Amino acid sequence: MAWLFRHFPPMRLVMEAHANPEELRAVCRDTLAEARRLGMEVARLEAAEPYFAAQRTN
């Protein structure tokens, strides 16, 4: 993901535009849950799950 943010400006812009990073984590959690419900393979999203699975309290 770090490579993506450095080398793909639209992704960096999306991340910077969100004032609430929890919203992005929620989207990733929901997308992964729906993919699993549908039986779809999403290897890269599953690999990134540790970054968004738990709600952070900073």
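Visitor: Where is the place of Glu 22 in this structure?

Guide: You will find Glu 22 in helix α3. A helix here is a DSSP run of H or I with at least four residues, a strand is a run of E with at least two, and both are numbered from the N terminus. Helix α3 covers residues 21-38, and Arg 25 lies in it too.

Visitor: Before we go on, what kind of model is this?

Guide: It is a predicted model, in which local features need pLDDT of at least 70 and side-chain atom pairs count only at pLDDT 80 or more, while totals for chains, interfaces and linings use all residues. Residues are numbered from 1 along each chain as its sequence is written, and side-chain values use heavy atoms, with hydrogens and water left out.

Visitor: How many helices and strands does the protein chain have?

Guide: The protein chain has five helices and zero strands. Reading along the sequence, you meet them as α-α-α-α-α.

Visitor: Is Glu 22 buried or exposed?

Guide: The idea is to look at relative accessible area: under 20% is buried, over 50% is exposed, and in between is partly exposed (1.4 Å probe, protein chains only). Glu 22 has a value of 16%, so it is buried. Arg 25 is at 17%, and therefore it is buried as well. Across the protein chain of 58 residues, buried residues make up 12%.

Visitor: Which residue's side chain meets that of Arg 25 in a salt bridge?

Guide: A salt bridge pairs a side-chain nitrogen of Lys or Arg with a carboxyl oxygen of Asp or Glu within 4 Å. Here the side chain of Arg 25 meets that of Glu 22, at 3.0 Å from N to O. Both of these partners are buried.

Visitor: Why are Arg 25 and Glu 22 separated by about one helical turn?

Guide: Because they are three residues apart in helix α3, about one helical turn separates Arg 25 and Glu 22.

Visitor: How many salt bridges does a search of the whole structure find?

Guide: That search finds five salt bridges. Another one of interest joins the side chains of Arg 29 and Glu 22, at 2.3 Å from N to O. Arg 29 has a relative accessible area of 25%, so it counts as partly exposed.

Visitor: With which residue does Glu 46 form a salt bridge?

Guide: Glu 46 pairs with Arg 36, and their closest N and O atoms are 3.9 Å apart. Glu 46 is in helix α4 (residues 43-47) and Arg 36 is in helix α3, so this pair ties together parts that are 10 residues apart in sequence. Glu 46 is partly exposed, at 33% relative accessible area. Arg 36 is also partly exposed, at 43%.

Visitor: Which residues do salt bridges that share partners join into one network?

Guide: That network holds Glu 22, Arg 25 and Arg 29. To trace it in the viewer, start at Glu 22, whose side chain meets that of Arg 25 and that of Arg 29.

Visitor: Leaving aside neighbours within four places in sequence, what is Met 11 in contact with?

Guide: Contact means heavy atoms within 4.5 Å. With those neighbours set aside, Met 11 is in contact with Leu 4 and Phe 5. Met 11 has its place in helix α2, residues 9-17, and is partly exposed, with a relative accessible area of 24%. For the protein chain, among contacts with a separation of 6 or more, 30% involve residues 24 or more positions apart.
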